[in-house]
Amino acid sequence: MAHSHSHNHSHHYDMKGRNLIISILLNIIITAAQVIGGLVSGSLSLLSDALHNFSDVLSLIVSYVASKLSKQKASLNRTFGYKRAEILAAFVNASTLIIVAIILIKEAYERFQEPQEIESNLVIWLSLIAIIGNGFSVLLLKKSSENNINIKSAYLHMLTDMLASVAVLVGGLLMKYYQLFWVDSLLTFLIALYLIYVGYDLLKTSTKMLMLFTPDHIDLKAVVRTVNKLEKVKKLHHVHIWNLSDDELHLEAHLDLQEDISTSEFNTLLITIEALLHDKFNINHITIQPEYKKDDSKDVIVQD
């Protein structure tokens, strides 16, 4: 059995943690302001925005804990460390996005039945504060969200929240100048639909990772073909490829060989395979069981 690792540096991680902390604090302030403002002005969209912001605080905390955990060292009874914590966090955050959306739809429907007059000036100012605060968090997390599903889930909470606040602002302005109080409900409903759309995608991706499905961008047959072309190789079979975390892609397989080569020859072959799969498919953790005339199934995918 052979292993290979390629690790990335952790300096940008601490930055990630710091940015999450800043976002958490910002969101706690915004939530408090919106709850007070919502109660004073009677604006449902402000209160639902506050709920949304509160879910952001929770999702940021989940993401922060997961990103801290994922850096913990592996141990005897946790051989992978907590590297999957981030996928779990993304799964939790995606679920809460959808739950928040359903609550918003219910609220919007009830409010639509009986539109209420709203103190619009307060709504306008508070939504501006939320736009600025969330906008700042969005910018802080944007970079790390591109290649980390955990941060992406927190980032989406922030982004949708910023959009929600923009909607509240538009609603506030329309109420102030045109007395259109039903806009409040319509906007809440539209934001909720957007949340479901984004949340579902994230839920799907994180579920696939938790189920150890082959990542979408990997063509398993192409991986097998690549290895089969090598000298001395007969067939790569019994293959599993999965994401341990966002930046760790594992492959385990059996390798049927053409001839009865020595272990040192196998090592040379293994180094070639590792380099090849890393360059071509970005697979950075490989475990291969060498075989020669072993009596077992040579199917690429073996079901027990």
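D299 sits in the segment that follows strand β3. In this predicted model, its relative accessible area is 46%, so D299 counts as partly exposed, because the partly exposed class runs from 20% to 50%. Beyond its neighbours within four places in sequence, D299 is in contact with K235, H237 and H238. One of these partners, H237, is 62 residues away along the chain, yet the C-alpha atoms of D299 and H237 are separated by 5.6 Å. H237 falls within the residue range of β1, which is 233-245.

D295 is also found in the segment after β3, a strand that covers residues 285-291. Is D295 buried or exposed? With a relative accessible area of 78%, D295 is exposed, since the cut-off for that class is over 50%. Its C-alpha atom lies 39 Å from that of L88, and the two residues are 207 positions apart in sequence.

**The chain as a whole**

The protein chain contains 8 helices and 3 strands. In sequence order they follow the pattern α-α-α-α-α-α-α-β-β-α-β. The radius of gyration is 25 Å, well over the 19 Å that the globule rule gives for 304 residues, so the protein chain is more spread out than a compact globule. Along its principal axes, the C-alpha trace spans about 85 × 35 × 30 Å.

Of the 304 residues in the protein chain, 47% are buried. The surface that the protein chain exposes comes to about 15,800 Å², and carbon and sulfur atoms supply 63% of that area. Among contacts with a separation of 6 or more, 76% join residues that are 24 or more positions apart. As for charge, the protein chain carries 26 positive and 31 negative side chains. The centres of these two sets lie 3 Å apart.

**Two buried residues in helices**

A164 belongs to helix α5, which covers residues 149-178. Its relative accessibility is 3%, so A164 counts as buried; the limit for that class is under 20%. Leaving out neighbours within four places in sequence, A164 is in contact with D49, H52 and I191. Of these, I191 falls within the residue range of α6, which is 183-210. A164 and L51 are 113 residues apart in sequence, and their C-alpha atoms are 11 Å apart in space.

F266 belongs to helix α8, made up of residues 263-281. Which residues does F266 contact, leaving aside its neighbours within four places in sequence? They are L255, L257, I261, I288 and P290. Of these, I288 and P290 fall within the residue range of β3, which is 285-291. At 7% relative accessibility, F266 counts as buried. From F266 to N53 the C-alpha distance is 56 Å, and the two are 213 residues apart in sequence.

The C-alpha distances given so far can be set side by side.

| Residue pair | Separation in sequence | C-alpha distance |
|---|---|---|
| D299 and H237 | 62 residues | 5.6 Å |
| A164 and L51 | 113 residues | 11 Å |
| D295 and L88 | 207 residues | 39 Å |
| F266 and N53 | 213 residues | 56 Å |

**Two loop residues with positive phi**

L212 is not a glycine, although its phi is positive, at about 60°. Where does L212 lie? Its place is the loop between α6 (183-210) and α7 (220-228). With 43% relative accessibility, L212 counts as partly exposed.

K232 is another residue other than glycine with a positive phi, here near 75°. K232 is in the loop between α7 and β1. Its relative accessibility is 31%, so K232 too counts as partly exposed.

**Confidence in the model**

The average pLDDT of the protein chain is 87, and 93% of the residues score at least 70. Over residues 6-10, pLDDT stays under 50. For this stretch the model has 5 contacts beyond four places in sequence.

Key:
Residues are numbered from 1 along each chain as its sequence is written. This is a predicted model: local features need pLDDT of at least 70, side-chain atom pairs count only at pLDDT 80 or more; totals for chains, interfaces and linings use all residues. Side-chain values use heavy atoms; hydrogens and water are left out. Helices (H or I, at least four residues) and strands (E, at least two) are DSSP runs, numbered from the N terminus. The radius of gyration is taken over C-alpha atoms; the globule rule is 2.2 Å times the number of residues to the power 0.38. Buried means under 20% relative accessible area, exposed over 50%, partly exposed in between (1.4 Å probe, protein chains only). Contact means heavy atoms within 4.5 Å. Accessible areas come from the Shrake-Rupley method with a 1.4 Å probe; for residues, only the protein chains shown count as cover. Lys and Arg count as positive and Asp and Glu as negative; His and the chain ends are not counted. The place of a charge is taken as NZ of Lys, CZ of Arg, CG of Asp or CD of Glu. pLDDT is the predictor's confidence in each residue, from 0 to 100.
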